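Trainee: Before I use words such as buried or polar contact, I would like to see how each of them is justified.
Mentor: Then let us go through them one at a time, setting each value against its cut-off.

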Amino acid sequence: MFDLKSRADNTCPLAFSIDLAHKGQDNVRTIAAKWLVCCAHFVLERSGYMLEKIEYEYYESVDSTNERIKERARQGAKEGLTISAMQQTAGRGRIGRKWESPPNECVATSMLLYQGDIPRAAIPSITILCGLAVRSALHKLYGLECQIKWPNDIVVHGKKICGILVEYETLSNGESYLILGIGVNVHQHKFVKEIADKATSIELEIDKKYEKRIHRKEIVEEIWKSFLEYFNQFVVYNNLCCFKKEYEKYLVNRGERVRIENPHNTYEAVALGISKSGGLLVEVNGEHREIKNFEVSVRGLYGYV
Ligand code: ATP
Ligand code: BTN
């Protein structure tokens, strides 16, 4: 039933079976694939690999929700704890950058997640899953057509509406964990001048006739609910192969020339898609490369996107 060549591309026969099901081969294979997925879920659930429960804590203002999660992890908090706030006084972005989180205008939320022995290696994949979860949540709640700017930005009409920061920390007992941080611009109509031309908010983007009120709790809970579904599917494969198609559908600049900026040099490339470990696949002078370093910036040739 399993083709070894195909299996080599995936982590387990399950992934191959599911591929067959997707290709709509015969019914027996489809049923077998579904059955195998059920078995995998059963085993993984009982062995504690799946994220089972999300706990929500809300605060008016904190320094950084990522920092609050770290503090709680040191005190022994369980996986699935989320801390959310309506303001951050020291919100952080990638590479030590600042994340603007003004009072009453945004929402910042972070989750504690244990992810194997080397959680640091999972940062690219988990960042991709967070991006998919935010995109799906904002589409479901407000009909927003978001795109994803690899590795960690969610954009609408070429402007940034959300940033994602996944970090890891090791406790004194040697155990490591991830902190998944997500910041969403909700009610802002104005931004500080440094980001005025590249930031947007839900309120600026939704249809003006849209009657529904925006509740920040609803945003937080929809994002994490969606993340839980993506994550528990990810656990079955332990790679991103089944999300590649969906992610690439929303990848901003896909098929276009982009500028890759890293600390040492800047060059042009064509953005092609993502690898199964979350790297960006690009073409440079006819040669295919994978960008694995999350500290690079991928910009449009004439601006942010
Ligand atoms: P790139 O990946 O191209 O470097 P970027 O400029 O968005 O994109 P990131 O490290 O992903 O860089 O995000 C941090 C940046 O986000 C900050 O340097 C700032 O320019 C911008 N930023 C800060 N707060 C907000 C906000 N609330 N909304 C949108 N953008 C913000
Ligand atoms: C970026 O775009 O560079 C990432 C921004 C991440 C912001 C979120 S808000 C919740 C969490 N707490 C922080 O201090 N940062 C992240």
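Trainee: Which residues come nearest to ligand 2?
Mentor: This is a predicted model, and in it Ser64, Gln88, Arg92, Arg94 and Lys160 come nearest among the 21 residues around ligand 2.

Trainee: What makes the pair formed by Gln88 and ligand 2 a polar contact?
Mentor: A nitrogen atom of ligand 2 is 2.9 Å from an N or O atom in the side chain of Gln88, and the cut-off for such a pair is within 3.5 Å, so the pair counts as a polar contact. The backbone takes part in the case of Arg92, where an N or O atom lies 2.7 Å from a nitrogen atom of ligand 2. For Lys160, a polar side-chain atom lies 2.7 Å from an oxygen atom of ligand 2. How much of ligand 2 is covered can also be stated: on its own it exposes 420 Å², and the protein buries 98% of that.

Trainee: Which elements supply the shell around ligand 2?
Mentor: Helix 4 (65–74), strand 3 (106–113), strand 6 (159–170) and strand 7 (176–185) each supply at least two residues, and strand 6 gives the most, with 4 residues. Sorted by class, the shell around ligand 2 holds 5 nonpolar, 12 polar and 4 charged residues. The space that ligand 2 takes is the largest pocket.

Trainee: Why is Lys160 called buried?
Mentor: Lys160, whose place is in strand 6, has a relative accessibility of 15%, and buried means under 20%, so Lys160 falls in that class. In space, the C-alpha atom of Lys160 is 5.7 Å from that of Thr200, although the two are 40 residues apart in sequence.

Trainee: Is Gln88 buried or exposed, and how do you know?
Mentor: Gln88 has a relative accessible area of 9%, and because this is under 20%, Gln88 is buried. Gln88 belongs to strand 2 (residues 81–88), and its side chain has partners within the protein as well: it reaches the backbone nitrogen of Thr65 at 2.8 Å, and a polar contact of 2.9 Å joins it to the side chain of Ser101.

Trainee: Which residues are closest to ligand 1?
Mentor: Of the 17 residues that surround ligand 1, the closest are Arg97, Lys149, Lys198, Ser297 and Arg299. Ligand 1 sits in the largest pocket, and strand 12 (residues 297–300) gives the most to its shell, with 3 residues. By class, that shell has 5 nonpolar, 3 polar and 9 charged residues.

Trainee: How do you know that Asn152 makes a polar contact with ligand 1?
Mentor: An oxygen atom of ligand 1 is 3.3 Å from an N or O atom in the side chain of Asn152, and this value is within 3.5 Å, so the pair qualifies. Two other side chains can be put to the test in this way: a polar atom of Arg94 lies 2.8 Å from an oxygen atom of ligand 1, and an N or O atom of Asn185 is 2.9 Å from a nitrogen atom of ligand 1. The protein covers 92% of the 610 Å² of accessible area that ligand 1 has on its own.

Trainee: Why is Ile95 called partly exposed?
Mentor: Its relative accessibility is 44%, and since buried means under 20% and exposed means over 50%, Ile95 belongs in between, so it is called partly exposed. Ile95 is found in the loop between strand 2 and strand 3, and it has a positive phi of about 50° although it is not a glycine.

Trainee: Where is Asn238, and what is its phi?
Mentor: Asn238 is found in the loop between helix 7 (216–237) and helix 8 (244–250), and its phi is positive, about 60°, although Asn238 is not a glycine.

Trainee: What makes Phe234 a buried residue?
Mentor: Phe234, which lies in helix 7, has a relative accessible area of 3%, and this is under 20%, so Phe234 counts as buried. The C-alpha atoms of Phe234 and Ile126 are separated by 9.2 Å, with their positions 108 residues apart along the chain.

Trainee: Which kind of peptide bond joins Trp150 and Pro151?
Mentor: A cis peptide bond joins them, with omega about 0°, and Pro151 has its place in the loop between strand 4 (147–149) and strand 5 (153–156).

Terms used
Residues are numbered from 1 along each chain as its sequence is written. Chains are lettered from A and ligands numbered from 1 in the order in which they are written. This is a predicted model: local features need pLDDT of at least 70, side-chain atom pairs count only at pLDDT 80 or more; totals for chains, interfaces and linings use all residues. Side-chain values use heavy atoms; hydrogens and water are left out. A residue is near a molecule or strand if one of its heavy atoms lies within 4 Å of it. A polar contact is a pair of N or O atoms within 3.5 Å; within protein, one must be able to donate a hydrogen and the other to accept it, and residues adjacent in sequence count only if both atoms are side-chain atoms. Accessible areas come from the Shrake-Rupley method with a 1.4 Å probe; for residues, only the protein chains shown count as cover. On a 1 Å grid over the protein atoms alone, a cavity is a set of points where a 1.4 Å probe fits but cannot get out, and a pocket is an open set with protein on both sides within 12 Å along at least five of seven lines; lining residues have an atom within 4 Å of a point. A molecule sits in a cavity or pocket if more than half of its atoms lie within 2 Å of its grid points. Ala, Val, Leu, Ile, Met, Phe, Trp, Tyr, Cys and Pro count as nonpolar, Asp, Glu, Lys and Arg as charged, and the others, Gly among them, as polar. Buried means under 20% relative accessible area, exposed over 50%, partly exposed in between (1.4 Å probe, protein chains only).
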